[in-house]
Amino acid sequence: MRLEVKCNVENCKYWEKGDQCVADSIYVVGLNGREEAASVDETACKTFEEC
Ligand code: SF4
């Protein structure tokens, strides 16, 4: 079963209308090289590629 990933980063090459991420997989990291996050604001998608 494919996991649905919603995203609002419209200038990513994996973004499609309806806030759909169409990448085969995504890699989410903690900000600033950290491997822990205290809140959602401290996570980010590393798979992003500008289109
Ligand atoms: S790869 Fe990351 S930034 Fe790009 S559409 Fe998917 S979730 Fe968003």
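**Entry 1, the pocket.** I began with the open spaces in this predicted model, and I noted that the largest pocket holds about 200 Å³ of space. I then listed its lining, which comes to 13 residues, and the closest to the pocket centre are Cys7, Val9, Cys12, Cys21 and Cys45. Sorting the lining by residue class, I found 10 nonpolar residues, two polar ones and one charged.

**Entry 2, the ligand.** Where does the ligand sit? I looked this up next, and the space that the ligand takes is the largest pocket. Around the ligand I wrote down Cys7, Cys12, Tyr14, Trp15, Cys21, Ile26, Cys45, Thr47 and Phe48. This shell divides into eight nonpolar residues and one polar residue, with no charged residue in it. Cys7, Cys12, Cys21 and Cys45 are among the residues around the ligand, and I had already entered these four cysteines among the residues closest to the centre of the pocket.

**Entry 3, Thr47.** I followed Thr47 further, as it is one of the residues around the ligand, and I placed it in the segment after β4, the strand that covers 43–45. Is Thr47 buried or exposed? Its relative accessible area is 18%, and because buried means under 20%, I entered Thr47 as buried. A polar atom of the Thr47 side chain lies 2.7 Å from the backbone nitrogen of Tyr27.

**Entry 4, Ala23.** I turned to the loop between β2 (20–21) and β3 (28–30), where Ala23 is found. Ala23 has a relative accessible area of 7%, so I recorded it as buried. I also checked Ala23 against Leu3, which is 20 residues away along the chain, and the C-alpha atoms of the two are separated by 11 Å.

**Entry 5, two positive phi angles.** I looked at backbone angles last, bearing in mind that most residues other than glycine have a negative phi. Which phi does Asp19 have? Asp19 is not a glycine, yet its phi is positive, at about 60 degrees. Asp19 has its place in the loop between β1 (15–16) and β2, and with a relative accessible area of 28% I entered Asp19 as partly exposed.

Asn32 also went into the notebook, since phi of Asn32 is near 60 degrees, again a positive value in a residue other than glycine. Asn32 lies in the loop between β3 and β4. At 78% relative accessibility, and with exposed meaning over 50%, Asn32 therefore counts as exposed.

Definitions and conventions. Residues are numbered from 1 along each chain as its sequence is written. This is a predicted model: local features need pLDDT of at least 70, side-chain atom pairs count only at pLDDT 80 or more; totals for chains, interfaces and linings use all residues. Side-chain values use heavy atoms; hydrogens and water are left out. On a 1 Å grid over the protein atoms alone, a cavity is a set of points where a 1.4 Å probe fits but cannot get out, and a pocket is an open set with protein on both sides within 12 Å along at least five of seven lines; lining residues have an atom within 4 Å of a point. Grid points are joined across faces, edges and corners, and a volume is the space filled by probe spheres set on the points. Ala, Val, Leu, Ile, Met, Phe, Trp, Tyr, Cys and Pro count as nonpolar, Asp, Glu, Lys and Arg as charged, and the others, Gly among them, as polar. A residue is near a molecule or strand if one of its heavy atoms lies within 4 Å of it. A molecule sits in a cavity or pocket if more than half of its atoms lie within 2 Å of its grid points. Helices (H or I, at least four residues) and strands (E, at least two) are DSSP runs, numbered from the N terminus. Buried means under 20% relative accessible area, exposed over 50%, partly exposed in between (1.4 Å probe, protein chains only). A polar contact is a pair of N or O atoms within 3.5 Å; within protein, one must be able to donate a hydrogen and the other to accept it, and residues adjacent in sequence count only if both atoms are side-chain atoms.
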